[in-house]
Amino acid sequence: MAGELAFTIAAVFTGAAIYINVAEQPARLQLDNRSLLAEWKPAYKRGYVMQASLAIVGGLFGLFAYLSAFDWHWLLGAVVLLANWPYTLFVIAPTNSRLMDTPPEAATAETRRVLERWGVLHAGRSALGLIATLVFLWAQR
């Protein structure tokens, strides 16, 4: 049961992360600099809460599955899904802080470049989620 929940939650995390990369971010980049930043700020805050929670809960279910079956696949999937936390804190957080500290009315072409970079960095979260999902799928063999 824990394994199936870990897989499902990792898949939801991955779907949300990929949606941001393929739909939300490209649409946002069609806006002017001020609107782009004004839209990103609340969207990021809401997405952060959702994705952070999914990473923790999915990772914990993966750890429970590992402790139940002692199959290293579950542990690997849990570690990869939970790796979203340090990746976000150490790799993406400086970019997030820079964007959050910029008032929308002060947004410039440089702000747009930073937001474009943020999209590339966010793709790392999508990749971690996809890897975790595939490892959890493999563990269900």
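**View 1. Helix α2 from end to end in the predicted model**. Helix α2 runs through residues 33-69, which makes 37 residues in this predicted model. From its first C-alpha to its last, the helix reaches 51 Å, which is close to the 54 Å expected at 1.5 Å a residue. At the N-terminal end of α2, Asp-32 acts as a cap, with a side-chain oxygen that lies 3.2 Å from the backbone nitrogen of Arg-34. After the helix comes Phe-70, a residue whose phi is positive, near 50°.

**View 2. A nonpolar patch on the surface**. The side chains to look for here are those of Ile-56, Val-57, Leu-60, Phe-64, Leu-67 and Phe-70, which form a nonpolar patch with about 570 Å² of accessible area together. One of these residues, Leu-60, lies in helix α2, and Leu-60 counts as partly exposed because its relative accessible area of 39% falls between the limits of 20% for buried and 50% for exposed.

**View 3. The salt bridge between Glu-39 and Arg-28**. The structure holds five salt bridges, and in one of them the side chains of Glu-39 and Arg-28 meet at 2.6 Å, N to O. This pair links distant parts of the chain, since Glu-39 belongs to helix α2 and Arg-28 to helix α1 (residues 2-28), 11 residues apart. Glu-39 is partly exposed, at 31% relative accessibility, whereas Arg-28 is buried, at 2%.

**View 4. The salt bridge between Asp-71 and Arg-141**. The side chains of these two residues, Asp-71 and Arg-141, come together at 3.3 Å, N to O. Distant parts of the chain are linked by this pair, with Asp-71 in the loop between α2 and α3 (72-82) and Arg-141 in the segment after α5 (109-139), 70 residues apart. Asp-71 is buried, with a relative accessible area of 15%, while Arg-141 is exposed, at 64% relative accessibility.

**View 5. The salt bridge between Glu-110 and Arg-98, and a network of salt bridges**. The side chains of Glu-110 and Arg-98 meet in a salt bridge at 3.0 Å, N to O. Glu-110 lies in helix α5 and Arg-98 in helix α4 (residues 84-100), so the pair ties together parts that are 12 residues apart in sequence. Both residues are partly exposed, Glu-110 at 32% relative accessibility and Arg-98 with a relative accessible area of 45%. In addition, Glu-24, Arg-28 and Glu-39 are joined into one network by salt bridges that share partners.

Key:
Residues numbered from 1 in each chain as written. Predicted model: local features only at pLDDT ≥ 70, side-chain atom pairs only at ≥ 80, totals over all residues. Heavy atoms only, no water. Helix = DSSP H or I, 4+ residues; strand = E, 2+ residues; numbered from the N terminus. Expected span 1.5 Å × (residues − 1). Polar contact = N/O pair within 3.5 Å; in protein donor to acceptor, adjacent residues only side chain to side chain. Patch = residues over 30% accessible without salt bridge, like charges linked within 9 Å, V, L, I, M, F, W, Y side chains within 5 Å. Areas by Shrake-Rupley, 256 points an atom, 1.4 Å probe, with all protein chains shown as cover. Salt bridge = Lys/Arg side-chain N within 4 Å of Asp/Glu carboxyl O. Buried < 20%, exposed > 50% of the residue type's maximum accessible area, 1.4 Å probe, protein only.
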